[in-house]
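Here are my notes on the model you sent over. Have the structure open while you go through the points.

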Amino acid sequence: MDTWTKLIEESKLEIKDIMYANKQIGQFNFNKVLNAFVAHKVTDTDLSGTSGYGYDDLGRDKLEDIYADVFKAEDAIVRSQIISGTHAISLVLLTLLESGDELLYITGEPYDTLDKVIGESKSDFGTLAYNGVAMNTIDLQDDTFDKARILASIKENTKIIAIQRSRGYSIRKSVTIAEIRDVIADIREVHPDVIIFVDNCYGEFVETEEPIEAGADIIAGSLIKNPGGGLAKMGGYVVGNRDLIEKVSYRLTVPGIGKEMGASLNELHAMYQGFFLAPHVVIEALNGAVLTSHVLEKVNVKSDPKFDAPRTDLIQSIMFNSAEEMIGFAQSIQQASPVNSLFTPVPDEIPGYTSPVIMAAGTFVQGASLELSADGPIRPPYRLYLQGGLTFEHVVYALEHALCNHLKDA
Ligand SMILES: *Cc1c(COP(=O)(O)O)cnc(C)c1O
C-alpha cells in the first residue's frame, strides 16, 4: 500500500464511530422518506408524468404531498419548472415581500447569486429593491446568531426574517437545526407573526430534523443538491405553510392556476427515485467530508469544519498556501471525476464575483453539487470549497488522487 492509501485507511478506522453515527441519521431519514412513499401509496403510474398543460398530474401532486410530509409542512411545490435553488429562494422573496416591507437576513450576507435578486436601487428592474423592499443583514456573532441585535433590529415593517442554513461560500459557520430552533423561539416570543424563511440548500437530510420542525414557516432548496439524490436532472422545491405556498404558486405560474398546472414530462421518475436515494447519498457525501477533514488535518492542511464538529451541510472548505496549490487540488478533483476527467479547469471571471473563480465539476448533471465538486475564488486565504460525492468511494478515490498529486511534500 502506498503512503496515501495507508493514511486514508487509518483515517477511516479512526472516524468509524462518527461515520456510524451519520449512518444512523441516514437510516432515520430514509425511514421518513419511505414511510411517506408508502403512506401516499406511490404506484408505477405515478412515475410516468404528463405533457401539455399538465392537468391532473397525479404523480406530480403526490410527490409534492410526500415532500410536505417529509419536511413536516402543510404544502409543497416541487417542480422542474423551478430552474435552480436561486429561483426557488427568489420565488419566496419576490412573492411575499411587497413595497415598504423589510427583509432581514440574520446569517450575514446571503449567497452570492441572490445579490442580483435583491438589487441595489429602484432602477434595477424586477429586483426586491425595484419593488420597494428594504434589506438589512445581521452577521453571526461568535459563530452563532446575534440574538440581541436581531431582536433589536426587527421593525414594524420587517416582513420576512431569512436564515441561510449552510455557509455557502462564505467564511462563517453553518447554523444547525438546534440553533435555528433556538433563535426562532426567541423571535416568536416578541414577533409571533413575522414570516421565517430558511434557505435550506445543502442542508437536507444532514440532520434528523428540517427547519420547518424548528419553527420556520417556509423553506426552499435545489433538486440538483441533496433532495434530488443525484438523479433529479433539474428542479427546485418550496415547502411551508399552505397560505404561503399558494401565493408562491401564483407567482411560479399565474393567479388562479397556481399548482394545478405544469406538465412534469419525463422528470418524475428521477425526482421520485432521487428523493428515495437522497438520505443515503447525503450520508455518503457527509462521511466523505468527514474523512477529508480528518485526513487533511493529519497532513497539516487547514480545513473547516473539523472532522468531529457537528454538521448541518455538506461543505468542507480547504485552505491552501498559494493559488497554485489551490488550483492544483481542484484540477485533481476534476481528473478524478466520472465525466470530463480529461478537462482541466482554470480560474475565470464570473459575474458577481470580485476574483477569478475555479470550478472543478465532472458531474453527470451539469452543476449538480451533490456530486463531488470543488470551487472557490482565487484570493487569499485560498479557500477551496469541496462538496458532494454520490458515493463515499468516489470521495476516497479523489482524495487519494489529490493528495498524491499535490501534497507530496506536506
Ligand atoms: C447553491 C446554493 C444556493 C443557490 O442555488 P443554485 O441552484 O446554485 O441557484 C443558494 N443558497 C445556498 C446556501 C446554496 O448552497
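1. Start with the make-up of the shell around the ligand: 4 residues are nonpolar, 5 are polar and 2 are charged. Bear in mind that this is a predicted model.

2. Who is in that shell? You'll find Ser84, Gly85, Thr86, Ile89, Tyr111, Gln164, Asp199, Cys201, Tyr202, Ser222 and Lys225 around the ligand. Helix H4, residues 85-96, supplies the largest share, with 3 residues.

3. Now zoom in on the ligand's oxygen atoms. A polar atom in the side chain of Thr86 sits 2.5 Å from a ligand oxygen. Gly85 uses its backbone instead, with an N or O atom 2.8 Å from an oxygen of the ligand. For Ser84, a side-chain N or O atom is 3.5 Å from a ligand oxygen. As for cover, the ligand on its own would expose 380 Å², and the protein buries 89% of that.

4. Which pocket does the ligand take up? The space the ligand occupies is the largest pocket.

5. Away from the ligand, have a look at the open sheet of 5 strands, which pair antiparallel in the order S8-S9-S12-S11-S10. Its edges are strand S8 (303-304) and strand S10 (357-360), each of which pairs on one side only.

6. Within that sheet, check strand S11 (residues 373-377) against strand S12 (residues 383-387): the two are antiparallel and pair over 3 bridges. To find your place there, look for Asp375, which stands opposite Tyr385 in S12.

Conventions: Residues are numbered from 1 along each chain as its sequence is written. This is a predicted model: local features need pLDDT of at least 70, side-chain atom pairs count only at pLDDT 80 or more; totals for chains, interfaces and linings use all residues. Side-chain values use heavy atoms; hydrogens and water are left out. A residue is near a molecule or strand if one of its heavy atoms lies within 4 Å of it. A polar contact is a pair of N or O atoms within 3.5 Å; within protein, one must be able to donate a hydrogen and the other to accept it, and residues adjacent in sequence count only if both atoms are side-chain atoms. Accessible areas come from the Shrake-Rupley method with a 1.4 Å probe; for residues, only the protein chains shown count as cover. On a 1 Å grid over the protein atoms alone, a cavity is a set of points where a 1.4 Å probe fits but cannot get out, and a pocket is an open set with protein on both sides within 12 Å along at least five of seven lines; lining residues have an atom within 4 Å of a point. A molecule sits in a cavity or pocket if more than half of its atoms lie within 2 Å of its grid points. Helices (H or I, at least four residues) and strands (E, at least two) are DSSP runs, numbered from the N terminus. Ala, Val, Leu, Ile, Met, Phe, Trp, Tyr, Cys and Pro count as nonpolar, Asp, Glu, Lys and Arg as charged, and the others, Gly among them, as polar. Two strands pair if DSSP finds at least two bridges between them.
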